[in-house]
Amino acid sequence: MKLHEHQAKEIFADAGIPVPESRLASSVSEVLDAVDEIGFPAAIKAQVHVGGRGKAGGIKIAGDREEAETYAEEILGMDLKGYTVEKVLVEAGVDFVDELYVGVTMDRGKGRPVAMVSTEGGVDIEQVAEETPEAIAREHVDPSFGMQPYQARKAVYDAGVPREFARDVSGILSTLYDLFEERDASEIEVNPVMITSDDEVVAADAVMNIDEDALFRQPELAELEEEAYEDDLERKAGEYDLDYVRLSGNVGIIGNGAGLVMTTLDLVDYYGGDPANFLDIGGGAKAERVMNALDLVFSDPNVESVVFNIFGGITRGDEVARGINEALSAFETVPKPVVVRLAGTNAEEGMEILDTDLVDVEPTLEEAVQRAIANTEEVTEE
Amino acid sequence: MSIFVDDDTRVVVQGITGGEGRFHAEQMIDYGTNVVAGAVPGKGGESVHDVPVYDTVDRAVEAENANASVVFVPPAFAADAIFEALDTDLDLVVAITEGIPTQDMARVKKRLSEVDTRLIGPNCPGIITPGEAKLGILPGNIFAEGNVGLVSRSGTLTYQVVDNLTQRGIGQTTAVGIGGDPIIGTSFIDALEAFEADTDTDAVVMCGEIGGEDEERAAAFIAEHMDTPVAGFIAGRTAPPGKRMGHAGAIVSGSGTGTAESKIEALNEAGVPVGDTPEEVADHVEDFL
């Protein structure tokens, strides 16, 4: 789960990391109230989960009230890589002389957190990592002991941070690591850390991604989850507690188990179709869950046909069949054609239960996928 | 022969009194697995399917001479359950639990480096040596005894591919689901190494997916160390960057690493044919045999 910049900055500030003064605003008048309090220059920053906001026009620096109004009108409501900007952060502009990168993430290859510092801040750090990996100093942390102070110092000196700022920057890195651990982050970074013309060190941006599996012990962050959804259907999936990713195609896909659902998507693509979504009902799904899944996929106006692919292990075919029957019999006519493929645990029982007036049944994954694609073509022809 | 489990494996089921633990303990017993004990704090002295339950793994292992455990413990307590198992010198721990926080697994992984126990999972379907033993939730009836090894990051994809093999009369030595989380115990390489050393395994299927670089590392291992032919499958070709596709580990990073293309390319370079569909994977295996 990604936090917005303003949410992450609040957490950083509470932990003692210096951040610029700022206000959150969702209307032009709120932006003007904010700049009246903060003064100029002021940065107006779109709060959406999109990388490269600046380049895409989502961040503007206003030098006076008139500019602030113009930029607020431009940015609020704008479409940024598919997401509508509903909120902006209005932040005191920082007069900086240097930009650094500081972050902590999980190195999955090593199975350990890694702390990183680079003097190549303010730019796409992933590009730096790819092209000049030596420009990023890295310290792997033993998760059973946490990051030791010497490691933070070492990273800062190895990165070549000017000595007079070493203490402040290693302080930020240590605090980030502590937050990473305490808040179950999967990624936490400040890019850039700005060194101001007054020789101060300020976190000018903030990225914080939380491990969704750990939300049960992060109640404050779990409350922010609702705001993290960018799409009404993904929000609905959250309410149903279903693993769902919306895509741009017209073949709705429901299955059990992430690998099998991904494979179903891939096969739809392979046979010339276009997947509308990823939807994993998970292991051991009962009838109600199956009904919710169908409701969710039918709610996507792009969906023209649905393929249901179940290979039961822990999931039982008869339960799934009951869910499909119940969900579809609630409609006078089934809204979109549904193809079902049932295999594995209790598949035979499921096949007997399935109401074939409501769905088409195919014996193999390949046939089910091809039938579902053919069904979209029929819909289009109509 | 087989890898990691056989009919001598003696299993403790951690969490045997819970819904999942109870159900799958019975399934394992029905399959012929030696389930010798359960371990659940506070439930010592009870029994489930005639299997005695102990309060601690330690007591279960000592009383029943177990050498493996299967963990069916909810995510909030699962890391603790794995630590407990690792403290008893078992040969093998299989963690089925889905949704263990990554930082908990980082600590488990550190502990793992200090003991001799093998961990499979978490968030995995388990491991099966057809006709001998199954530790986990895999549906036993789709597997058949034979000479093909299988290692996979995904449970249901394992079933799909195994079904394609079994339908053609191709059986398996051992199938192991290593799990879809970012940090796991047994890697592709660990399983491939064991299959390479197993004289009964004549071909191997490796099912990967988007996210991380484990498949790329496995490809390098295959090129350098394996004579046994390997066929591959990679799920998630159509996955968009930045979105978690069900598995916590299945996410293509914004910088383009962990894509299906890079994994398929690495495998192809290592001489591993990668099927576009599970049927094609079975075709490749058939060609090897």
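Buried here means under 20% relative accessible area. With that in hand, strand β12 of chain B is a good place to start in this predicted model. The strand spans residues 203-209, and seven of its seven residues are buried, so it is largely enclosed by the rest of the structure. Both faces are covered: B:Ala203, B:Val205, B:Cys207 and B:Glu209 point one way from β12(B), while B:Val204, B:Met206 and B:Gly208 point the other way, and all are buried.

Next come the strands that pair with β12(B). Strand β10 of chain B (residues 145-152) pairs with β12(B) in the parallel sense over five bridges, and B:Val148 has B:Ala203 as its bridge partner. Strand β13 of chain B (residues 230-235) also pairs with β12(B) in the parallel sense, this time over six bridges. In that pairing, B:Met206 sits opposite B:Gly232. To get from β12(B) to β13(B), the chain runs through helix α7 of chain B (residues 214-225), making a right-handed β-α-β crossover.

Then there is the nonpolar packing. The largest nonpolar core counts 98 residues, and B:Leu135 and B:Leu192 have the most contacts inside it. The element that gives the most to this core is helix α10 of chain A (residues 258-270), with seven residues. As for B:Leu192, setting aside its neighbours within four places in sequence, it is in contact with B:Val151, B:Val204, B:Met206, B:Ala218, B:Phe221, B:Ile222 and B:Met226. A second core, separate from the largest one, has 69 residues, among them A:Met1, A:Met147, B:Ala79 and B:Leu90.

Technical notes:
Residues are numbered from 1 along each chain as its sequence is written. Chains are lettered from A and ligands numbered from 1 in the order in which they are written. This is a predicted model: local features need pLDDT of at least 70, side-chain atom pairs count only at pLDDT 80 or more; totals for chains, interfaces and linings use all residues. Side-chain values use heavy atoms; hydrogens and water are left out. A nonpolar core is a set of buried Ala, Val, Leu, Ile, Met, Phe, Trp, Tyr and Cys residues joined through side-chain atoms within 4.5 Å. Buried means under 20% relative accessible area, exposed over 50%, partly exposed in between (1.4 Å probe, protein chains only). Helices (H or I, at least four residues) and strands (E, at least two) are DSSP runs, numbered from the N terminus. Contact means heavy atoms within 4.5 Å. Two strands pair if DSSP finds at least two bridges between them. A crossover is right-handed if, with the strands pointing away from the viewer, the path from the first strand over the helix to the second runs clockwise.
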